[in-house]
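Let's take a walk through this fold, strand by strand. Have the sequence and the 3D view open as you read.

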Amino acid sequence: MKNARRFLVSPCIARLISRERGIDHQVVEGYLSSQPGKDQLVRLEADQAHFVLSGQDTEGNLLEKLAPLPREHAEALFSLCIGQISYDRLHLPPQSGLSHRIQLDRVVYPSSFDLITVEFDEVQQAEAFEIPTWFGPEVTTEFTYEWRYIALNGFQSNLEVPLASHQIETVLDMLDQSRAATKEGSISAADDVIVALSRSLETSGLLKAAKETNPPPESEPLLEELREPVKRTAQ
């Protein structure tokens, strides 16, 4: 992808994130051709299966054409594949309030490593992106990290992914902020539901709208005050 940057990330950090946020998709891809630029593959994802034609446009962006397949047909095609890759994917909250799409892929076959992909709307955004301290080495231009290459040739890398305590602290702060924002959003949504339900009940007549409290009546005369006129009458 032209408007994307890719980074390795420590398995420890990736495990921490996936434990907190969970996995969005488990994906298995089997490649049927080895011709660069015109990939043909079968993709299994949850209860869906697709035959995929993959290539790039003139600007270098990835283009995919998907055709749904019955699962039995997809599993049969997997026996014809010349290479496979399997990974778990999850999406992360935006960094520093930015709206960039960030995903974490935890590759589990044919080897294991963790890859962060940040997608941008424009090339200028990609160039100006400030890399978080917990990201590992950038591998955007490394073709050996492309899914097709890994599926056909295996994982071939000797890059070391550093891990320091301040990186873990940064990730923990990010997850805490995301959890707090999610909780606040849930409370706000619940309040909106309650208000809407109350208005609906009022409209249907099942619930009367609250009225203003009537002012308290004037204090009743004391017993001695009531007796006074009686005494005068008796006299």
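Both faces of strand E1 are covered: Ala 4, Arg 6 and Leu 8 are buried on one side, and Arg 5 and Phe 7 are buried on the other. Here, buried means under 20% relative accessible area, exposed means over 50%, and partly exposed is in between (1.4 Å probe, protein chains only). E1 spans residues 4–8, and five of its five residues are buried. Strands (E, at least two residues) and helices (H or I, at least four) are DSSP runs, numbered from the N terminus.

A quick word on the model before going on. It is predicted, so local features need pLDDT of at least 70 and side-chain atom pairs count only at pLDDT 80 or more, while totals for chains, interfaces and linings use all residues. Residues are numbered from 1 along each chain as its sequence is written, and side-chain values use heavy atoms, with hydrogens and water left out.

So who sits beside E1? Strand E8 (residues 113–119) pairs with E1 in the antiparallel sense, over five bridges. Two strands pair if DSSP finds at least two bridges between them. One of the matches is Leu 8, whose bridge partner in E8 is Leu 115.

Now zoom out to the sheet. It's an open one of eight strands, in the order E1-E8-E7-E6-E2-E3-E4-E5, with antiparallel pairing. E1 and strand E5 (62–68) are the edge strands, each pairing on one side only. From one strand to the next, the twist averages 30°. Angles run from 0 to 180 degrees between N-to-C directions, and axes are lines fitted to C-alpha atoms, for helices over the stretch in contact.

Two helices go with this sheet. Contact means heavy atoms within 4.5 Å.

| Helix | Strands it touches or lies across | Angle |
|---|---|---|
| H1 (residues 11–21) | touches E6 (83–92), E7 (101–109) and E8 | about 110° with E7 |
| H2 (residues 71–78) | lies across E2 (25–31), E3 (39–45), E4 and E6 | about 130° to E3 |

Next, pick out Ser 54 in strand E4 (residues 48–56). Is Ser 54 buried or exposed? It counts as buried, because its relative accessible area is 10%. Leaving out residues up to four places away in sequence, Ser 54 touches Gly 37, Lys 38, Asp 39, Leu 41, Leu 62, Leu 63 and Glu 64.

Finally, the cysteines. Cys 12 is partly exposed, because its relative accessibility is 42%, whereas Cys 81 is buried, at 16%. How many disulfides does a search of the whole structure find? Zero, where a disulfide is a pair of cysteine sulfur atoms within 2.5 Å.
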